[in-house]
Amino acid sequence: MNVELKCCKCGKTYPAAATEFTCACGHLLEVQLDLSAIGVSKADFEKRPADLGVWRFREMVHPLVEPSNIVTRGEGNTFLYPSERVSAFVGTRTWLKHEGENPTGSFKDRGMTAGITEAVRRGAKTVICASTGNTSASLASYAAIAGLRCVVLMPDGKIAFGKLSQALAYGAKAIQVKGNFDQALALVRQLAEAKNYYVLNSVNPWRLEGQKTIVWEILFQMGLAGQDGPDWIVVPAGNVGNVSAFGKALKEWYELGWIEKLPRLAAVQAEGANPLYRTWKASAGGIPDALEAVENPDTIGSAIRIGKPVNWVKCLQYLKLTNGVAEQVSDQQMMDAKAVVDAAGIGCEPASAASVAGARKLLESGVISRGEKVACVLTGHVLKDADNTVNYHLGKLPYPPAFANAPIQAEASLDALEAALK
Ligand code: F0G
């Protein structure tokens, strides 16, 4: 099949084997599939076992790769939870797509199986990323499985402990950079060029192809949009690679005529790290020349503590295509939404709950209507950031918890326990 790389802004094309991630005009490249030649139908995909996960959709994830060369940990095929409790909180019927159920506990694994497979195809020896924690955890694991050397740059002191522990445990060379994520990513791109390392951040178009499968699974699990499927897909947004991959997934199936209607995308950021939200607000539906960057992003959702999202042009294009929106939520709204998701028995990390908090806010402001069906993506596992979960329930965050469930101290006696349980 003919596969090319295409600039998201000027449309210039490059061969699939090109080493660039960025066009001469400065904007990012996307994988361009020849949809007339994919050789499978929606029914073919649907018939395949769901436990093939990401690779159930191989012809539309990486058609150039031999199946025997795929580096996989069985990622994808995550559960879609209906939840009355979360629906009541949001104000309309809400489903939760739990990407924390991937092998390293986040959606990054779906991209990494595709991206590391491409790294091996290219003969890379060392792979590298900058990360707020989940990308580094995922890359470290997949690199180890593929036998590649792995370097990860993380903002010093600003990533959740569970994620740091994964990068160390999986054997990555971990460098804690005295700077934020945006600075670390800029350095990664320079270092990679100088040392011929292969970059696996979301600037890498092959990685994002794997993340498209989240949306296709939602459509198979809920029903196709326009029929029983979602009216909205709501996703936490940091470097905005994921929401861009979702837009591409929807566009491709729409162009193939496999969905009659495009679900609307909502990209939700934290108030303290809201460059995409600001740019979208200022854009009036167009694509402005420059991003409204945030120099010192800050939020308890450390995964999305990002001020210069590299995929911003694509993201705005896909929001436009799907009649989507950008939203922002406070840390308090995020942590209260997380507490509701957690207490429903499902659980997620702080940044993930931006989707649920954002859906609630969009319903309150009338953008989402009561009765519409909402799929919120939970991007990471509840154990990724245990410190902030406990701090919330202990009331140690700078705002009061709406749904605290603090542990009780008791003497070691039956009387004391009975008193505690009254
Ligand atoms: N949710 C979680 C749990 C994440 O780890 C990330 C990104 C996002 C949402 C945002 O996704 O960047 O595609 O908009 N984490 C990256 C990392 C930046 O390094 O792990 P995005």
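The following paragraphs describe the ligand site and the internal cavities of a predicted model.

Residues are numbered from 1 along each chain as its sequence is written, and side-chain values use heavy atoms, with hydrogens and water left out. Local features require pLDDT of at least 70 and side-chain atom pairs pLDDT 80 or more, whereas totals for chains, interfaces and linings use all residues.

The ligand is surrounded by 18 residues (a heavy atom within 4 Å), of which S131, T135, G238, N239 and T379 come nearest. This shell comprises 6 nonpolar, 10 polar and 2 charged residues, with Gly counted as polar. Helices α5 (134-146) and α10 (241-255) each contribute at least two of its residues (DSSP runs of H or I, at least four residues). Backbone N or O atoms of T135 and of G238 each lie 2.8 Å from an oxygen atom of the ligand. A side-chain N or O atom of T379 is 2.7 Å from a ligand nitrogen atom. Of the 470 Å² of accessible area that the ligand has on its own, the protein covers 99% (Shrake-Rupley method, 1.4 Å probe).

Two cavities of 30 Å³ or more were found in the whole structure (sets of points on a 1 Å grid over the protein atoms alone where a 1.4 Å probe fits but cannot get out; lining residues have an atom within 4 Å of a point). The largest has a volume of about 310 Å³ (the space filled by probe spheres set on the points). Among its 26 lining residues, F107, K108, G238, N239 and A303 are closest to its centre. The ligand sits in this largest cavity (more than half of its atoms within 2 Å of the grid points).

Key
A polar contact is a pair of N or O atoms within 3.5 Å; within protein, one must be able to donate a hydrogen and the other to accept it, and residues adjacent in sequence count only if both atoms are side-chain atoms. On a 1 Å grid over the protein atoms alone, a cavity is a set of points where a 1.4 Å probe fits but cannot get out, and a pocket is an open set with protein on both sides within 12 Å along at least five of seven lines; lining residues have an atom within 4 Å of a point.
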